[in-house]
Structure formats: C-alpha cells, structure tokens
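User: Please take a close look at one strand and its surroundings in this model, and describe how the strand is paired, how it is covered and what follows it along the chain.

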Amino acid sequence: MYHQFKHGLVDLAQVFDFLIESTSMYFTYKKMENGRVLNLMPRVTLDANAKDQPWVVRFELINDIALRMNIVTPMQLDPDGSLYNRNLGSLNTKDTSYAVGYWHQREGLKGDAKYSRPFSVLFTADSHGFAFAIWEHAVVNSLNRQLSWLVVQKPVEWQNGIAIPTEHNPVIALSGIFNRYESSVEQMLVRERDIPVPAPAQTAISDQYNRYSAMHTVKLKEISESRDYFIQFPNNFSTERFSYDGVFDMIGFANTDLVSANATLPLEVFGERRNYHTMVSTLADNNGISVMFRIT
C-alpha cells in the first residue's frame, strides 16, 4: 500500500509532475505532445493482468485551465499518444460531438488569483487498483470550487478485502466530478479478458437499463437503529453482460456530518484495521457526502 499527498499547488501543469513522481511503482509513463499529454500504463504491481490486458490512463492539459481524462487501451491511441477519437474512454463531463468536456477545471482565476485558491492532490495505490483526487480546501462556497476523483480497481471480497479472482479479470473505473452546478459519478468497465476496449461510461448513481447504481451522492443517515455509524463502499457493479461480485475498497463515502474534511479516519473493515483519508464535501456548505480514500 502506497500513498502520497501534495498541498498548495496552483497550476494544473504541476499535476503531471506529481503523477510522474508518485506513481512510478505502479505505472510507466509517457509525456507527449509538448508536455500536454501524460499517459500512464499500469505495471503488474497494480494489475497482475496488465501485460496481457493492457490499459492506459490518459491526462490532457487544455489551455492550462482544464484537465481531460480518458481511460483507453493501446489500440485506441496513435503512436504519438493522440486518441483516434477524443470521446473514446471519456470520463469528462459535457463531452459531446460539439463540445470539449473536462475532468477537472480551474475556472474564475485571472492573473495572480490562482494563489488565493491553491489545491491539493492525492494518489494512493495497492496491488489491485489506485485512486487519484484533486480538490480545493479554502473556497468552499465558490461557484467555481471543484472536487474530482478517480478510482480504478478490481472488486474485492466483502469478507476479507482480497481481490476476487474471476475468469474475465474485470477492471472497473469510478469517476466523480462535483461542483456547484452538478454531481456526476460515472462507472466504466476498463478491461476484461475478452473485451479489448473500455465500455462507454454510464452513470453510477442511478439504475439504468441493464445496469445498477454503484453508489449515491445524497446526504446519508449517519447512524443506524443499533447506534452504528454508516461508512459505505461502492458495489453492485454491472454491465450489459454481467453483474459483478464484490466491492470497491479503495474508496468509501459517508455523511458529511460524520467525518471532517482532510482527516485520517481509522476503520475496522474487511477484517483488518485500515486508514482512510477524507475529502471536502461533494457540495458546498458541507452538503452532499464525504468521499474518502484508503491510504494504509
């Protein structure tokens, strides 16, 4: 288990430097297109099937104010790192045939205003997946405040937290983008043994035809009748082919009244003691939910 934080970043270009530094045990990388594109390719330390079932996390910097993020397979990339189609494997909000969406955006900043709104980044990884997040701390009521996170992993057993060995070796992604205007959480099947390209992303917060919701973003009841506190973990993953056993353990979520932002939360889960790091609330004024990532 590995994790790294960095606080006080002001430029999105610094995110590439952080990712190159923090992911080296779990990814190889290629920085391309004059430094505007960063492709991360998983090592077997992250995904035991990575050599036979490769996939790529692609970040693209747009005009120094926005990051795009796509998860694809090598056959969907040009040799120069460009996508054959910019919507392939997209987890970007508002991607259409006519508009370029984004995964994280730094809006409302001119000149030196960026120093008044620094942001933080987190990367955490284990032998079956990783999580990455970008968030601002200070300006919680700003119309432009944003929290973006990504989790890619193999589901684990409820009882012991061990990745479930299956015939198809599914790797699944969850991506969340939250600001004052929207709450978007999407799920995507990244790879399976016999599926050489990612499936199109679908919402993860409501049931759809042939797919179940994997989590939700509304305020939770924080305590049960038996006086237990609720920490929930995404589960119930499905595609048009299968429903998948297991649960995500790299990410959890809870009522914002239960946990504070930017704190380490010790939990007894999956038969062992673990620590999770909490993000800011998904909505302004401490509304929505608190998303947390496993760090030890």
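Analyst: The account below begins with the strand β9 and then turns to the loop after it and to the nonpolar cores.

This is a predicted model, in which local features need pLDDT of at least 70 and side-chain atom pairs count only at pLDDT 80 or more, while totals for chains, interfaces and linings use all residues. Residues are numbered from 1 along each chain as its sequence is written, and side-chain values use heavy atoms, with hydrogens and water left out.

Strands here are DSSP runs of E of at least two residues, numbered from the N terminus, and two strands pair if DSSP finds at least two bridges between them. Strand β9 covers residues 146-153. β8 (residues 129-136) runs antiparallel to β9 and is joined to it by 7 bridges, whereas 8 bridges join β9 to β10, again in an antiparallel arrangement. L147 of β9 takes part in both pairings, being the bridge partner of W135 and standing opposite F178 in β10.

As for burial (under 20% relative accessible area counts as buried, over 50% as exposed and in between as partly exposed, with a 1.4 Å probe and protein chains only), 8 of the 8 residues of β9 are buried. In a regular strand the side chains alternate between the two faces of the sheet. In β9, Q146, S148, L150 and V152 point one way, L147, W149, V151 and Q153 point the other way, and all of them are buried.

L150 also belongs to the largest nonpolar core, a set of buried Ala, Val, Leu, Ile, Met, Phe, Trp, Tyr and Cys residues joined through side-chain atoms within 4.5 Å; this core has 35 residues, and V15, W55, V57, I71, F130, F132 and L150 touch the most other members. Apart from it lies another core, of 28 residues, whose members include F178, A199, A204 and M215. If contact is taken as heavy atoms within 4.5 Å, and residues up to four places away in sequence are not counted, I71 touches both L150 and V152 of β9, as well as others including W55, V57 and M188.

After β9 comes a loop that leads to β10 (171-179) and holds H168. Why does H168 count as buried? H168 is placed in that class because its relative accessibility is 15%. Leaving aside neighbours within four places in sequence, H168 is in contact with Q53, E192, R193, D194, R241 and F242. By contrast, H168 and D257 lie 89 residues apart in sequence and 39 Å apart in space, C-alpha to C-alpha.

Terms used:
Helices (H or I, at least four residues) and strands (E, at least two) are DSSP runs, numbered from the N terminus.
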